[in-house]
Structure formats: C-alpha cells, structure tokens
Amino acid sequence: MKEHILQLLATIIHPETEKNLVEGGFVEQIAASEAAITVTIRFPKSRDPFAVKIKNQSETLLKAHFPQAKVLVMIKEGGQKKLPDLKEKSTTGDITKVIAVASGKGGVGKSTVAANLAVALRDMGFRVGLLDADIYGPSQPKMFGVEGYIPDAEEVDGMDQIVPADAEDIKIMSIGFFIRPTDALLWRGAMAVNALKQMIHQTKWGPLDFLVCDLPPGTGDVHLSIIGEMKIDAAVIVSTPQQVAVADVVRGVEMFRNEQVNIPVAGVVENMAYFSPEELPDNKYYIFGHGGARKVAEEYNVPFLGEIPIVQSIMEGGDTGRPGSTIDPRVTEWYHKIADKIVGNVMKNG
Ligand code: ADP
C-alpha cells in the first residue's frame, strides 16, 4: 500500500524545483492502514508558495485511489535540522502531535489504553513516543517490560538530554525510571512536578509523529502544570461504564475545555465495557451497565471512540511486559479502530 501511495505521489510535480514529490525528497512520512492514510510532506523553505496547492493535489489524488480511507496530508515547513529556539527546545519541538490520555480516577485502564494506543499508532507506521507522567502510579515501565531501565544523560548542543527506553519500537520515558513505587507518596508535590518538567523538556525523543502522554488520574494541579509545560494537541478520556466513572468524564471534558486550557477532546474510550467468556465469544455481558460513556460523550459533544471489553490478554499483557495489542489479534483490531478515529480527529484540528 505504501508503494502504491509513493507511486501516486511521484506523479505530483513541485513547480519550482520541477521535481516530483518523491524524487525531490519532499515525502517525509507515510502511514497507512485500510481506514486511514496520512502523509507528511516537508518543504525545505519556511514559506513555500506551493505548499497548500500540493497538499490539496495529494489529498485529492489519494482520496480518488483510496475512497474507503480517511486521507490526511500534513505539511511541514523548514528543514528538519533547523536549530530550535529556546521554547522549541522542549521535547515538543520535533514532535508533530501530543495526545494526552486522561481519566477521572485511577484504575479505569488509562495506562493500559495509553500503551495500546501507542502500539496501534506504531502499527500504522508512525514514529511514537510514550511519556508516562502518572506520578501516582507510573505503570508504563512494567507494561513494556523495561522496569529496570536507568536513563542515561547525553549532551546535545551543549544541553543535557535524557535518553528514553525503547521497547516495541516505541520511545518510552517514565517518571517511574526516577522513583521507586514506595517513594511515590513523597514525590507528589513540587519535586514530582520538577521531574516531570525535566522529562518534558529534556528527553531525547528525536523526531516523533505522536507523543502519547499518560497523565495522572483526576483533574488537579499536576495536570495544569503539565498542560502549562507542553503543547497538548488532543485529549483522550478513558472511562469505565460505572455511573461514578462516567461522571468523572464530565470533569475531564470540562478541564480540557476550560478557557485557559483549551485542549480539544479527541474522544472518550469506554474500557472494561463488557465481558465475553472465551468459550462464548459472541456473548457480551455488560456487567457494569451499558452505554453510559457513549451517552455522556454525546451529551457533551465529544466523539465516542469505542468500547474495549474485559479481556484476560489485556491484563496479562500489562503484567508481562507486552501490551495486549501486541499479543492478541482481537485487541489489536479494537485499538486500530480507536487509533484511526483519534488520528482523524487530531489531524482535523490542524
Ligand atoms: P489506570 O492507569 O487507570 O490506573 P491501569 O491501566 O493501570 O489503570 O489498569 C488497571 C488494571 O486493570 C491493570 O491491572 C490492567 O491490566 C487491568 N485492565 C485494564 N484494562 C483492562 C481490560 N480491558 N481488560 C482486562 N484488564 C484490564
């Protein structure tokens, strides 16, 4: 499929250089699944007069050839090696989109969703990083089997950077690399926030298409500090079907929609939505109630991204260092659908 996309892009000529997009090295990244195609085109000039025209041409062409897929062509301008100014020097400088995963309270599967979402985005061909900012219970190191990882520091352009772990082709930085679980309590205040700031600004991610950020549960001061440090492009809210959890979704939506925060909500995922026994996979038992999160999403006008049932492989995956979507094809499929929707919603916002 990527080959086909490249062939199509090779028919579009950049008028000034008279080279086609492929030959001229304009195509930076292609990610494609049956449902979504995203292409990043980079123009070395910071204001290329043909950028928009080429974006439109490429979209039209790809849509005509892949009518079933959502097509998004992103434009980046300026050479990749441009020296960043101070603000851009934050990790978000060379990251296209930051997606925060949030939940009203702990234990609903926020970290699990963040991990599997990162895997799904990687499957789609994106370069992905995962920032585990859950100071109350950092679980990404365990989820990806990199608990013992001790980050090294490296000097880049005269500045110390922290090297993230790498698992499943995903760059992972976690507050858990710096604190022991038993220390977590002591860390809840300013110290944790300072450590988070360092992780946000000094991690050596390299260029990423998506950084998935696993936020702490709830809607408190720590969130506001993170939001203040990092440009978050979209928030995904995770809930379970229980009434109380659903009520927390509302608080989450309100936090992101707050005038001063103003982060688009890419949608709500209902986790542990139902249970299907292995031996009766067509039977769905909605043991905690049905459709609560979907209803709240509709009421608050945020997209409903999908349901994830209670599945043993998800829980086991989390415990054995392999997220469910890397070991169970059903889980892979559920998360691919969700990731497709998120990518669509995030890109729609520019
Ligand atoms: P949170 O980040 O919201 O505190 P976690 O992601 O750590 O929650 O999940 C809490 C527990 O529930 C973990 O043991 C995890 O493996 C399990 N879990 C999460 N989602 C599912 C699911 N869909 N099916 C089975 N177990 C799940």
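A residue counts as exposed when its relative accessible area is over 50% and as buried when that area is under 20%. In this predicted model, those terms apply directly to helix α9, residues 312–320, where Ser313, Ile314, Gly317 and Gly318 are buried, whereas Met315 and Thr320, on the other side of α9, are exposed. Seen down the helix axis, the buried residues of α9 fall within an arc of 135°, so they line one face of the helix. An α-helix has 3.6 residues a turn, so residues three or four places apart point the same way. The buried residues of α9 pack against α3 (110–123), α4 (140–143), β15 (304–310), α10 (324–327) and α11 (329–348), and just after the helix Gly321 takes a positive phi of about 80°.

Helix α8, residues 292–299, can be read in a similar way, with Gly292, Ala293, Val296 and Ala297 as buried residues. These residues cover an arc of only 135° around the axis, which puts them on the same side of α8, while Lys295, Glu298 and Glu299 are exposed on the other side of that helix. The cover over the buried residues of α8 includes β13 (234–239), α7 (243–257), β14 (265–275) and β15. Just after α8, a positive phi of about 60° is found at Asn301.

Several of these strands belong to an open sheet of 8 strands, ordered β10-β11-β7-β12-β6-β13-β14-β15, in which the pairing is mixed. Its edge strands are β10 (165–167) and β15, each of which pairs on one side only, and neighbouring strands of the sheet are turned by 25° against each other on average, when direction is ignored. Within the sheet, strand β7 (residues 128–132) and strand β12 (residues 208–214) run parallel and are joined by 5 bridges, with Val128 standing opposite Phe210 in β12. Helix α11 lies across β6 (95–103), β12, β13, β14 and β15, and runs at about 160° to β15.

The largest nonpolar core has 89 residues, of which Leu121, Leu131, Phe144, Val212, Met230, Phe256 and Ile342 touch the most other members. This core draws at least three residues from each of domain 1 (2–79) and domain 2 (91–348). Leaving aside neighbours within four places in sequence, Leu131 is in contact with Met173, Met199, Ile200, Trp205, Leu211, Val212, Cys213, Asp214 and Met230. Apart from the largest core lies another, of 18 residues, among them Leu21, Ile30, Ile54 and Leu62.

A further open sheet is formed by 3 strands in the order β3-β4-β5, again with mixed pairing. Here β3 (27–32) and β5 (70–77) stand at the edges with a single partner strand each, so one side of each is left without a neighbour in the sheet. Neighbouring strands of this sheet are turned by 10° against each other on average, direction ignored. Strand β3 pairs with β4 (residues 36–43) in the antiparallel sense over 5 bridges, and the bridge partner of Ala31 in β4 is Thr38. Helix α1 (residues 2–9) packs on the sheet by touching β3 and β4, and its direction makes about 140° with that of β3. Helix α2 (residues 51–65) also packs on the sheet, touching β4 and β5, with its direction at about 160° to that of β5.

Definitions and conventions: Residues numbered from 1 in each chain as written. Predicted model: local features only at pLDDT ≥ 70, side-chain atom pairs only at ≥ 80, totals over all residues. Heavy atoms only, no water. Core = buried A, V, L, I, M, F, W, Y, C linked by side-chain atoms within 4.5 Å. Buried < 20%, exposed > 50% of the residue type's maximum accessible area, 1.4 Å probe, protein only. Domains from an automatic or database assignment. Contact = heavy atoms within 4.5 Å. Pairing = 2+ DSSP bridges. Helix = DSSP H or I, 4+ residues; strand = E, 2+ residues; numbered from the N terminus. Axes fitted to C-alpha atoms, helices over the stretch in contact; angles between N-to-C directions. Arc of directions from axis to C-beta.
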